[in-house]
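Please open the model in your viewer, with the sequence panel alongside, and keep a cartoon representation ready for the stops that follow.

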Amino acid sequence: MATPRHLPLGERLLILRATDKFREWHSLDDKRVCVLCDKTFSGRQVEMTLDRFGQVELHCPTEGCKGGPGKWVYPGNPLVSEIAYRDWQRALEERNSDSASTQLSSAA
Ligand SMILES: [Zn+2]
């Protein structure tokens with residue numbers, strides 16, 4: 001069975017909303033920054049594949065990047081935007097989930 005990479009645009013948005021448990025998608029023009037490869041992309045560019053159980057998986061559109069929804073933050077400069085800063089912090093915490101929580105409390 002072939003993998004439907006290019007789904008109808010309406011379905012793409014529904015799939016993004018259903019599959020990305022981390023952040024809200026308001027439209028396919030919403031932008032995300034992948035904290036792994038530092039690239040900005042829109043909902044249209046998100047790679048969608050089906051696993052063997054028929055579950056949709058979202059992938060960073062950058063070739064070779066393993067980033068998924070948990071690694072995608074809202075665009076914005078984390079140095080000037082409180083919301084962007086927290087979002088980055090959250091995504092980076094997920095990457096180092098072993099020790100990040102204790103480091104965070106002692107740094108505060
Ligand atoms: Zn990426």
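The tour below moves from the whole chain to its paired strands and then to one residue in a helix.

Begin with the entire protein chain in cartoon, bearing in mind that this is a predicted model. Colouring by secondary structure should bring out three helices and five strands, and if you trace the chain along its sequence, these elements follow the pattern α-β-β-β-β-β-α-α. Of the 108 residues in the chain, 16% count as buried. Among the contacts between residues at least 6 apart in sequence, 47% join residues that are at least 24 apart.

Next, select residues 31-34, which make up strand β1, together with residues 40-42, which make up strand β2; the two strands run antiparallel and are joined by three bridges. To find the register of this pairing, show V33 in β1 and T40 in β2 as sticks, since V33 has T40 as its bridge partner. Then move to the connection between the strands, where five residues separate β1 from β2 in a hairpin, and where D38, in the turn, has a positive phi of about 65°.

Keep β1 selected and add residues 72-73, which form strand β5. Here β1 pairs with β5 in the antiparallel sense, over two bridges, and the residue to highlight in β1 is C34, which stands opposite W72 in β5. Strand β1 therefore has β2 as one pairing partner, through three bridges, and β5 as another, through two bridges.

Now clear the selection and pick residues 47-50, strand β3, with residues 56-59, strand β4. These strands also pair in the antiparallel sense, over four bridges, and within that pairing T49 has E57 in β4 as its bridge partner. The two strands form a hairpin with five residues between them, and the residue to select in the turn is G54, whose phi is positive at about 85°.

For the last stop, select residues 82-95, helix α2, and centre the view on A91, which is found in this helix. Is A91 buried or exposed? A91 is buried, because 22 other C-beta atoms lie within 10 Å, against a cut-off of 20 or more for a buried residue. Drawing a distance between the C-alpha atoms of A91 and K71 should give 5.2 Å, although the two residues are 20 apart along the chain. Leaving out residues up to four places away in sequence, A91 touches V35, G70, K71 and V73, and of these V73 lies within the residue range of β5, the strand that pairs with β1.

Methods
Residues are numbered from 1 along each chain as its sequence is written. This is a predicted model: local features need pLDDT of at least 70, side-chain atom pairs count only at pLDDT 80 or more; totals for chains, interfaces and linings use all residues. A residue is buried if 20 or more other C-beta atoms lie within 10 Å of its own, exposed if 12 or fewer, and partly exposed in between; C-beta atoms are placed from the backbone. Two residues are in contact if their C-beta atoms, placed from the backbone, lie within 7 Å.
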